[in-house]
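I opened this model to look up a few local features, and these are my notes. The entries follow the order in which I looked.

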Amino acid sequence: DRSSVAAEQLVEEMRGAGARAWCLRAALRELGELHDLVGRAAALAGPLSILVNNASAFPRTTFETVTRADLLSSVELDAWAPFELARRFAEGAPLGAHVVNMVDTRVVAQYDWQHFAYCAAKHVLALFTELLALRLAPRVAVNAVAPGLILPPAGYGQDYLEARKSELPLQRVGDPAFVTDAILFLVRSEFVTGQTIFVDGGRHLLGGSRG
């Protein structure tokens, strides 16, 4: 619900630029809606050749307080939903199709102890990316993009990013366009699969932990 207005606005912008675009709503934790989503999209747009798994949530769950329900909720949305969508997408995908999963630089760079369930789920998605790349080949290439200091978390402003940029090797805040560039590179590639591109100003090189 929170993203529906922005999604509709994006659709209108795309149509204004001459593209064909639609907006579909689905509760990805509801198995029926998850299973139907690829088919509903194909019914509107025709055969699908690119799937970008970007839906996610960023709940605060610490190591000390995380519960089984917290973990399962994050895995359900951040790992199982993209995995299941990729499998269903592959059933009707043409040779040369692409799946791009959005992971997070935290899967390698740092353990974020304030978002324990989220980070665990993104680790699972990173693993799923490699497994899907093996099992969906040669028809579908599966890769991932791991953004870093690009957008502030919900409830925070640009100052959150500015205060942390000095920690990065490139010492700057990223632009969402950098993530788009990485996705476009992957979906245009004919010989890359099972890879993760880190769009994080070098953060994944630092190691360590947060919180």
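**Entry 1, salt bridges.** I started with R87, which forms a salt bridge with E84; the closest N and O atoms are 2.6 Å apart. The model is a predicted one, and I read the distance with that in mind. I placed both R87 and E84 in helix α3, residues 68–92, where they sit three residues apart, about one turn of the helix. I then asked whether E84 is buried or exposed. E84 has a relative accessible area of 6%, so it counts as buried, the limit being under 20%. R87 comes out at 36% relative accessibility and counts as partly exposed.

I went on to E12 and R15, whose side chains meet in a salt bridge at 3.5 Å, N to O. Both E12 and R15 belong to helix α1, again with a spacing of three residues, about one turn of the helix. E12 is partly exposed at 47% relative accessible area, and R15 is partly exposed at 41%.

For E162 I found a salt bridge with K165, the closest N and O atoms being 2.8 Å apart. E162 is partly exposed, with a relative accessible area of 36%, and K165 is partly exposed at 30%. Salt bridges that share partners join E84, R87 and R88 into one network. How many salt bridges does the count come to? I noted seven, with a side-chain nitrogen of Lys or Arg within 4 Å of a carboxyl oxygen of Asp or Glu as the rule.

**Entry 2, the second largest pocket.** I looked up the volume of the second largest pocket and wrote down about 170 Å³ of space. The pocket is lined by 14 residues, and the closest to its centre are P138, A141, E190, F191 and V192. Which strands each supply at least two residues of the lining? I found β2 (97–102) and β4 (140–147). By type, the lining of this pocket divides into eight nonpolar, four polar and two charged residues.

**Entry 3, backbone.** P138 appears among the residues closest to the pocket centre, so I checked its backbone as well. The peptide bond from A137 to P138 is cis, with omega near 5°. P138 lies in the loop between α4 (116–136) and β4. I noted Q171 too, where phi is near 50°, a positive value in a residue other than glycine. Most residues other than glycine have a negative phi, and most peptide bonds are trans. Q171 is found in the loop between α5 and α6 (176–188). At 53% relative accessibility, Q171 counts as exposed.

**Entry 4, a surface patch.** Which residues form a nonpolar patch on the surface? I listed W22, L24 and L44, with about 240 Å² of accessible area together. W22 is in the loop between α1 (4–16) and α2 (31–45). The relative accessible area of W22 is 35%, which makes this residue partly exposed. That value also passes the cut-off for patch residues, which is over 30%.

**Entry 5, distances along and across the chain.** I took three pairs and compared sequence separation with C-alpha separation.

- A97 and S49 are 48 residues apart along the chain, and their C-alpha atoms are separated by 4.6 Å. A97 is in strand β2 and is buried, with a relative accessible area of 1%.
- S56 and V103 are 47 residues apart in sequence, with 9.4 Å from C-alpha to C-alpha. S56 is in the loop between β1 (50–53) and α3 and is partly exposed, with a relative accessible area of 37%.
- Y156 and Q195 are 39 residues apart along the chain, and their C-alpha atoms are separated by 31 Å. Y156 is in the loop between β4 and α5 (158–162). Is Y156 buried or exposed? Y156 has a relative accessible area of 51%, and I put it down as exposed because the limit is over 50%.

Terms used:
Residues numbered from 1 in each chain as written. Predicted model: local features only at pLDDT ≥ 70, side-chain atom pairs only at ≥ 80, totals over all residues. Heavy atoms only, no water. Patch = residues over 30% accessible without salt bridge, like charges linked within 9 Å, V, L, I, M, F, W, Y side chains within 5 Å. Areas by Shrake-Rupley, 256 points an atom, 1.4 Å probe, with all protein chains shown as cover. Helix = DSSP H or I, 4+ residues; strand = E, 2+ residues; numbered from the N terminus. Buried < 20%, exposed > 50% of the residue type's maximum accessible area, 1.4 Å probe, protein only. 1 Å grid on protein atoms, 1.4 Å probe; cavity = no way out; pocket = protein on both sides within 12 Å on 5 of 7 lines; lining within 4 Å. Points joined across faces, edges and corners; volume = space filled by probe spheres on them. Nonpolar A, V, L, I, M, F, W, Y, C, P; charged D, E, K, R; others polar.
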